[in-house]
Amino acid sequence: MSNKKPLNVEIRKINTTNIYRKFLQGGQMSKQELAKELQLCIPTVTKNVEELMNAGLIQPTGVKENTGGRNATAYSIVSDAKTAIGIEITNDHITIAVLDLLGNIILSERYRGMFSDTQDYYCELGRLVKEIIQKAGLQEQNILGVGIGLPVLVDSNRQKIVFNKIINLDSNVYDKFVQHIPYRIELFNDANAAAYTEIWKNPNLKNAFYLMLSNNIGGCFVLDNLVYEGDTQKGGEVGHMTLIPNGQKCYCGQSGCVETYLSATNLSNLTDGNLQRFFLELERGDKSFSMIWDKYLDYLALTVNSVHALLDCDIVLGGYVGGYLESYMDTLRERVEGLNSFGNGAEFLKTCNYKKAAIASGAALNFIAAFNESI
Ligand SMILES: [Zn+2]
């Protein structure tokens, strides 16, 4: 039996998709405007608009003046018709963010708390998720899923952990999350999730490498506006490229990894774990901090130069340190340019656009994108 759908069903689906895409751009549209922009007849638009209204995805939100002088009803998306939740878990904090269909953060909260692979911890996490759902006033049946960003590598099914040396959780952590968070759950590598957040609002980010400069160093290659994970989901792990042969010992078991030189803790450990204070002291001209920062920028320039030599694309600096780099970009670009064998500048180096809850957002956005694609 053929699994092909009749042509008119296919066309109707294409029309619905195109109309929904217009609403995803966030504005108000009348049927007349939709008909004009999509070159459809009014009855077709009316039928599709009704379908989207019945699905609760769009609603009338005002009137628009028609070119003929008559007012027309304007419709816009019901942005919270569906929502998704993203969670970032690290060794010492949890971030939970709720996102709507437009990818906007409805609510995000950050909690301090040491990770422990115990029943109590997972129970508390479940309670925090429940609390944020109530606080944001979400309809439970409209929650598409919960994405969890972790400093681990996960398999292509987003359920199993394939590499984990940073956080003390076991490989069946997925089952533990499922017990306490009653929604569809997917696990994400932290850097991949953060890179996905950058891609989401920047469709022009065609090819890029996202370098996550947090307490751990991660990376993600964006190829043609999609996350490239590698054949075994271990791609982009620049944190474990050797920067200094026989250098500092890394937790991975090797020595001299980028991770040991660029970890944000190299800076924040000087100010009791407070990275913001490190940068404040640096700006005030603290000499010892300046020397450490100078060395950090050298290591960063070396890393960036290697990545760029290999990939020849934009490099987006994110993570905790990425959020403070803006005023140091000129000096960093100079250093990178000095290392570049082809001497053609370092304008490819950018800072991240999304500094708040980037990992949690990316973990949630995967559900949003899948839903929007399905319409
Ligand atoms: Zn390493």
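1. Let's start with how domain 2 and domain 3 sit relative to each other: their C-alpha centres are 25 Å apart in this predicted model. The contact between them draws on 16 residues from domain 2 and 14 residues from domain 3. For orientation, domain 2 comes in two segments, 83–194 and 358–374, while domain 3 covers 203–351; the chain also has a domain 1, at 7–77.

2. On the interface itself, about 1300 Å² is buried between domain 2 and domain 3, and carbon and sulfur atoms account for 57% of that area. The count of salt bridges between the two is zero, and one residue pair is found in polar contact across the interface.

3. You may want to look at the domain 2 side of this contact. Strand E8 (153–154) and helix H6 (190–201) are the elements that each contribute two or more residues there, with H6 giving the most, four residues. Sorted by class, this side that touches domain 3 holds six nonpolar, five polar and five charged residues.

4. Helix H6 also holds a residue that deserves a closer look, Glu-198. Its relative accessibility is 3%, so Glu-198 counts as buried.

5. What does the side chain of Glu-198 reach at 2.9 Å? One partner is the backbone nitrogen of Asn-353. The backbone nitrogen of Tyr-354 likewise lies 2.9 Å from a polar atom of the Glu-198 side chain. Leaving aside residues up to four places away in sequence, Glu-198 touches Leu-205, Tyr-210, Val-316 and Cys-352, along with Asn-353 and Tyr-354.

Definitions and conventions
Residues are numbered from 1 along each chain as its sequence is written. This is a predicted model: local features need pLDDT of at least 70, side-chain atom pairs count only at pLDDT 80 or more; totals for chains, interfaces and linings use all residues. Side-chain values use heavy atoms; hydrogens and water are left out. Domain bounds come from an automatic or database domain assignment. Contact means heavy atoms within 4.5 Å. Buried area is the accessible area (1.4 Å probe) that two parts lose on being put together, summed over both. A salt bridge is a side-chain nitrogen of Lys or Arg within 4 Å of a carboxyl oxygen of Asp or Glu. A polar contact is a pair of N or O atoms within 3.5 Å; within protein, one must be able to donate a hydrogen and the other to accept it, and residues adjacent in sequence count only if both atoms are side-chain atoms. Ala, Val, Leu, Ile, Met, Phe, Trp, Tyr, Cys and Pro count as nonpolar, Asp, Glu, Lys and Arg as charged, and the others, Gly among them, as polar. Buried means under 20% relative accessible area, exposed over 50%, partly exposed in between (1.4 Å probe, protein chains only).
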